[in-house]
Every structure is written in C-alpha cells, then in structure tokens.
Amino acid sequence: MGGDWKEMFNAASDGDIELVRYHLKMGVDLNYQHPEYMTSVLIECIRLGKTEMVKFLLENGADPSATEGFGSTTTLSIAKSEKNHQAVHLLNSYLMKNNSNESIRINKVLLTGGNRGIGKAIAQKLLEESHEVIIVCRRETEGKAVAEELKYTTGNPKVSIIQGDLSSIQKCKTLIEKIKSEHSGINILINNAGVWMMEKKLNEDGLEMSFMINYLAPHMLCQGLFPVLKNNQPARIVNVNSGLYLKGGLDIEKTPYGLDFGSIKTYASSKFCSMMSSIDFAKEIEGSGVTINAVHPGVINTGLGDSPKFLSKVVSLFKRFWKSPEYGAAAPTWLALSEELEGVNGNYYNEKEKNEYIDEVKNEKLRETLRIKTKEFLNK
Ligand SMILES: NC(=O)c1ccc[n+]([C@@H]2O[C@H](COP(=O)([O-])OP(=O)(O)OC[C@H]3O[C@@H](n4cnc5c(N)ncnc54)[C@H](OP(=O)(O)O)[C@@H]3O)[C@@H](O)[C@H]2O)c1
C-alpha cells in the first residue's frame, strides 16, 4: 500500500502514530496542497484529546498556523476552549519558535502561593503559554506534587518549587537569599500568596499574621528581589491585592500588632498597606526597567479564609456563586505578560480595568508613617 493523505488523516484521528509514520515515510506531504487540510487534522486531534498525535504531527512538520480561512491562532483558540492544556502548550511553543515576526519572550516567573487557588491557576496559564514558573510553597512535598500535576496537565516541564514561608521576617529573608542564589534569571515576580485570618494570630516577630503575609512579605520580596529583576529587565512585579483594600486603614500603633483586629477590617487593612507599598515602590523604581502594578482578581471561589469559624461558614455558603480560580488568574496573568502593559508602572486594576486609588492610600504622610515603621521592623 502506498501513502495516502486521507488514510493518514483517519490514522491521525485514531491516534495511530505508527500508521501516520508509515504514510509520511511513503511520501505523503503533511501540509498537502492546502495547508488548512493539516490544520483540520490538528483540530480533530485536539478535540479528540489525541495530544500525543498533535505533538507527533508538529514535530514532523505540520503547520498549525495555516492560512486560508484559518487565523494563525485558530488551533490555539480551539485547544484553549477544549481545555486541552497540553495542546495549548505545544501550539504556543510552536508559534513562538516559528513566528519570527513576533518577538515572543519566554519569561521566568517567581510566583508565591501557586500551590492552590488563584495562584495555581496563574501557574497553569503561564505554563500553557510556555513560560517557566517557580512556585514558592510552604510545604515541599505538597509543592512537588502540585508541580508534577502541572507538568502533566500542561505538558510544560519548566515548573519547579522553592520551599519558603512568608509568615515571619526571618523566613522571608532566608527565602529571598535562596531565590537570589538559585533563580538569578527571574524577570517576573507575582506576589499572590495571601491569607484572610478569622481570628487574631501573631507571628514570631509579634506582628499580626495578615499584616506580615499580605503586606510585609510582598514588600520584602519587591525590595529584596529588585536587583535580580533589574538585571533581567524588562521586568515586572504584579501584586495581587483586593478590592476590599478600600475598606482598610492604618493605625500605626495598632494595625501591625492586630490591636484593632476584626476579620474583614484586618484583611482589608493588610491590603491597604500593600497598596501603599505598591505606590511607593512604583515611584522608587520608575524608569528602572522594572514595573509594579496591583490588581484585584475578582471575587473568586477558593479556600481563602476557610476556617471552622462562623463568619467563614457563612461566607462559604456564597462561594459557589463566585467565579472560578481560572477566571481569577486572568487579570494577574494579563498584567504579567501583556505587551500593551510594557512600561506601565504604578497602576491599580480592578480585574483588567484601570481604577484610581482611593485618597487615603495616596496620603503621603500616612505612607511615610508606614515606611518608617517598616524600616524599624526590618532593621531590628
Ligand atoms: N479569592 C478571592 O475572592 C480574592 C479576592 C481578592 C483578592 N484575592 C487575593 O488573591 C490572592 C490569592 O488568594 P486565593 O483566593 O487563591 O487564596 P487561597 O486559595 O487561600 O490561596 C492562598 C495561597 O497563599 C499561600 N500562603 C498562605 N500563607 C502563606 C505563607 N505563610 N507562606 C507562603 N504561602 C502562603 C497558600 O499556601 P498554603 O497552601 O501553604 O496555605 C496558598 O497557596 C491573595 O492575595 C488574596 O488576598 C483573592
């Protein structure tokens, strides 16, 4: 039997790599007379979940960016809509390698809180787009399992973890040194990890936990990793904040120590402080080749704030009506990667819409108070 394009198409749809290989050997041209024929085979395989076949066809010269009726990213859009993550990664890699007109960069991203919730969905998106991701995770075994899962679901092996805990000043210092020595190539930092405490808890520095994790830790990571990011510019920092920041405030004698603790208020205040820190840092680094922006990712159904406490139980009743972690990942990922945001610095986005800061966080005197106190904490 000689080579036959139609039979090869059927063999591809059946996932029969050996038979496709045979037809290729017999001289069948994968891209035939009309390149869109090949695109239709790829689409068929993507839809049927025959990802190994997609890989094989791409490696053997199939062109997914065929013209005539198909845009160059049609296969990619279909892979995305089918949630075939491995195919998304394969097609992205192909388009990056072969589309020499567009200078698509592969970024090296350090992401906190990437083992679950919004952070895990951010990691997934970044990996699908063929970027490299290093996840900061408190528990090494859990982190490694998540990294393996992400490798499997996205087909992108460039995911690793770095063990780190953001709950104290010393732990953050240790983490920063470790990142600097092991990952000097990072050019994107996403401060995503966060907590919503249902009851007051102080850390080993005597600081209230959400003040530490939601404000001081990302502040320290920005300051500590800035030289690395600057070396790898253009570089970006994305601070995952919250729309609730506008309900927060700062009483410098009370807030850092949880003396004005209230579950919602304290969460909002930690994000309020983080927002002030983003504003200050944006001014400090303007023109350096590194940018920082803050984002509210939406109201998302994750484990944030889960606890046996009454308020948490009430909130969880509503959570099923909230959006998915994938939805929550869209705006932070956009801020990290989008070309239209190249050089944009010091903004706050409510999802993808630029919002003005509330006057309270623009208050220079209040920000100075926080800066001074923060220096005291860090120099102790
Ligand atoms: N969900 C929403 O509706 C919403 C709305 C606005 C803003 N946000 C913000 O979005 C970000 C992600 O939240 P999420 O909803 O995805 O919450 P989540 O599902 O509870 O995930 C929180 C992440 O932060 C990590 N984390 C917590 N404490 C840590 C510590 N001490 N050291 C290192 N990592 C730590 C967690 O790791 P472990 O697994 O080790 O705990 C987890 O990976 C947060 O900054 C949150 O404030 C969320």
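Leu378 counts as partly exposed because it has 15 C-beta neighbours inside 10 Å, a number that falls short of the 20 required for a buried residue. In this predicted model, Leu378 is part of helix α15, which covers residues 364-379. Between Leu378 and Cys45 the C-alpha to C-alpha distance is 55 Å, and the two residues are 333 positions apart in sequence.

A contrasting case is provided by Ala282, a residue of helix α11 (residues 263-285). Ala282 has 21 C-beta neighbours inside 10 Å and therefore counts as buried. When neighbours within four places in sequence are left aside, the contacts of Ala282 are Ile292, Asn345 and Gly346. Ile237 is separated from Ala282 by 45 residues in sequence and by 9.7 Å in space, C-alpha to C-alpha.

At the level of the whole chain, 15 helices and eight strands were assigned. The C-alpha atoms occupy a box of roughly 85 × 45 × 35 Å along the principal axes. Of the 380 residues in the chain, 44% are buried. Contacts between residues at least 6 apart in sequence were also examined, and 72% of them join residues at least 24 apart.

The domain assignment divides the chain into domain 1, residues 5-98, and domain 2, residues 108-379. A distance of 39 Å separates the C-alpha centres of domain 1 and domain 2. Eight residues from domain 1 and nine residues from domain 2 take part in the contact. On the side of domain 1 that touches domain 2, three residues are nonpolar, five are polar and none is charged.

In soluble globular proteins, nonpolar side chains tend to be buried together. The largest nonpolar core of the model holds 73 residues, and the members that touch the most others are Val109, Leu111, Ala123, Val133, Ile135, Leu189 and Ile190. Helix α10, residues 209-231, makes the greatest contribution to this core, with 13 residues. Another core, of 24 residues, lies apart from it and includes Ala12, Val41, Leu58 and Leu76.

Strand β1 spans residues 108-112, and four of its five residues are buried. Strand β1 pairs with strand β2 (residues 132-137) in the parallel sense, over five bridges. Within this pairing, Leu110 is placed opposite Ile134 of β2. For Leu111, with neighbours within four places in sequence left aside, the contacts comprise Gly119, Ile122, Ala123, Val133, Ile135, Val136, Ile190 and Asn192. Among these contacts, Ala123, Val133, Ile135 and Ile190 are also listed, with Leu111 itself, as core residues that touch the most other members.

The ligand is surrounded by 25 residues, of which Gly113, Gly117, Ala193, Gly194 and Thr302 come nearest. By composition, the shell around the ligand contains ten nonpolar, twelve polar and three charged residues. Helix α7, residues 117-128, supplies the largest share of this shell, with three residues.

Conventions
Residues are numbered from 1 along each chain as its sequence is written. This is a predicted model: local features need pLDDT of at least 70, side-chain atom pairs count only at pLDDT 80 or more; totals for chains, interfaces and linings use all residues. Domain bounds come from an automatic or database domain assignment. Two residues are in contact if their C-beta atoms, placed from the backbone, lie within 7 Å. Ala, Val, Leu, Ile, Met, Phe, Trp, Tyr, Cys and Pro count as nonpolar, Asp, Glu, Lys and Arg as charged, and the others, Gly among them, as polar. A nonpolar core is a set of buried Ala, Val, Leu, Ile, Met, Phe, Trp, Tyr and Cys residues joined through C-beta atoms within 7 Å. A residue is buried if 20 or more other C-beta atoms lie within 10 Å of its own, exposed if 12 or fewer, and partly exposed in between; C-beta atoms are placed from the backbone. Helices (H or I, at least four residues) and strands (E, at least two) are DSSP runs, numbered from the N terminus. A residue is near a molecule or strand if its C-beta atom, placed from the backbone, lies within 6 Å of it. Two strands pair if DSSP finds at least two bridges between them.
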